[in-house]
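Hi,

Here is the structure I promised to pass on. Have a look at it first, and my notes on what turned up are below.

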Amino acid sequence: MSSNRKRKADDDGDEMSVSPMSSPAIQNRQLSRPSKKIRSNEMAGRPLTLPRLLETLDAASLRMVLQKICERQPEIGEEVVKSAPKPSVPNALQVLEEYQQKMRAAFPYGDTSSDYTYYRVKAPLIALMDALADFTPQYLPPNETQANVSLQYLDGATKVIHNLPEWESHNYRHHKENAYDEISRAWALVINEAAKRGGGFVLHSGGWDQILAKHNQQSGGRLGTAMSAMAANVGWVGGGPSDAPQEQQQPQQHSILNELLSGNYGAPVRVGPW
């Protein structure tokens, strides 16, 4: 019996020796447990990093920041001008429309005097005039070489001028009068340059003679410079067969010139929401 008890005790000892709790691997893992990270209870404010700050800025704020940087460091401004993509006609007209909306929002409600209304809208009106004066040269030759692009801009810009207020007082009418004069000379420049290329094909094929005639009619005949330039070119662009005798072409050209100057050339074409 003593030998049996001895074997049982030995067996128990063997089991204890292979117990998971006594395994060296387990002990090693327990000893290598990472120490608890000590966190500081101190808090301190700090500004946003540049990427996070830029995420919070809208387009208007970004433009303002960039403009200030360019004003302080002109070399950066020159680099921006070189690197920025060329503005499209829709983008430019959208900016002009935004200025026009600001002007409309400034109009007072109800019946008010012409003087009071003018001074209410004077600031946004001048801002719109300045924007027109700045954008228009961008789309004129030699800066813009594609006549169709220039004409598309002039079409949209002329519509903007049509929507300027017509003041009763002569003292306030100079804004619209000057705008018509500037845009008329811009039309004339583009028309004359377009006539030198491809026989002025873009003028006739695009129907720009009729579009300009409609603009002139809506302006009250204030686009005379542009109309004269168009009449001088569109006559031989679409005045009849090239093999017609000279004496037959000349009266036809004069007829077209008279119709253009009177705003009656061609069938009426609707341009924009008129």
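**Helix H8 and its surroundings**

Helix H8 (residues 147–162) has 16 residues, which at 1.5 Å a residue should span 22 Å, and its end C-alpha atoms are indeed 22 Å apart. The expected span here is 1.5 Å times one less than the number of residues in the helix. Helices (H or I, at least four residues) are DSSP runs, numbered from the N terminus.

Before going on, a word on the source: this is a predicted model, where local features need pLDDT of at least 70, side-chain atom pairs count only at pLDDT 80 or more, and totals for chains, interfaces and linings use all residues. Residues are numbered from 1 along each chain as its sequence is written, and side-chain values use heavy atoms, with hydrogens and water left out.

Back to H8: is it enclosed or open? It is largely enclosed by the rest of the structure, because 12 of its 16 residues are buried. Buried means under 20% relative accessible area, exposed means over 50%, and partly exposed is in between (1.4 Å probe, protein chains only). Among the buried residues are Ala147, Leu151, Tyr153, Gly156, Val160 and His162. Their cover includes helix H6 (89–105), helix H7 (114–135), helix H9 (174–195), helix H10 (201–205) and helix H11 (208–218), where contact means heavy atoms within 4.5 Å.

**Salt bridges**

How many salt bridges does a search of the whole structure find? There are 10, counting a side-chain nitrogen of Lys or Arg within 4 Å of a carboxyl oxygen of Asp or Glu.

One of them is inside H8: the side chains of lysine 159 and aspartate 155 meet at 3.8 Å, N to O. The two sit four residues apart in that helix, about one turn. An α-helix has 3.6 residues a turn, so residues three or four places apart point the same way. Lysine 159 is partly exposed at 22% relative accessibility, while aspartate 155 is buried at 12%.

Then there's arginine 222, partly exposed at 23% relative accessibility. With glutamate 166 it forms a salt bridge whose closest N and O atoms are 3.0 Å apart. Glutamate 166 is in the loop between H8 and H9, and arginine 222 is in the loop between H11 and helix H12 (224–238), so this pair ties together parts that are 56 residues apart in sequence.

Arginine 222 also bridges to glutamate 177, with the closest N and O atoms 2.7 Å apart. Since glutamate 177 lies in helix H9, that pair ties together parts 45 residues apart in sequence. Glutamate 177 is partly exposed, at 35% relative accessibility. Through shared partners, salt bridges join Glu166, Lys176, Glu177 and Arg222 into one network.

**Elsewhere**

Helix H9 also holds glutamate 193, which counts as partly exposed at 23% relative accessibility. Its C-alpha atom is 7.6 Å from that of proline 141, though the two are 52 residues apart along the chain.

Finally, leucine 48 is in the loop between helix H2 (24–31) and H3, and at 54% relative accessibility it counts as exposed.

Cheers
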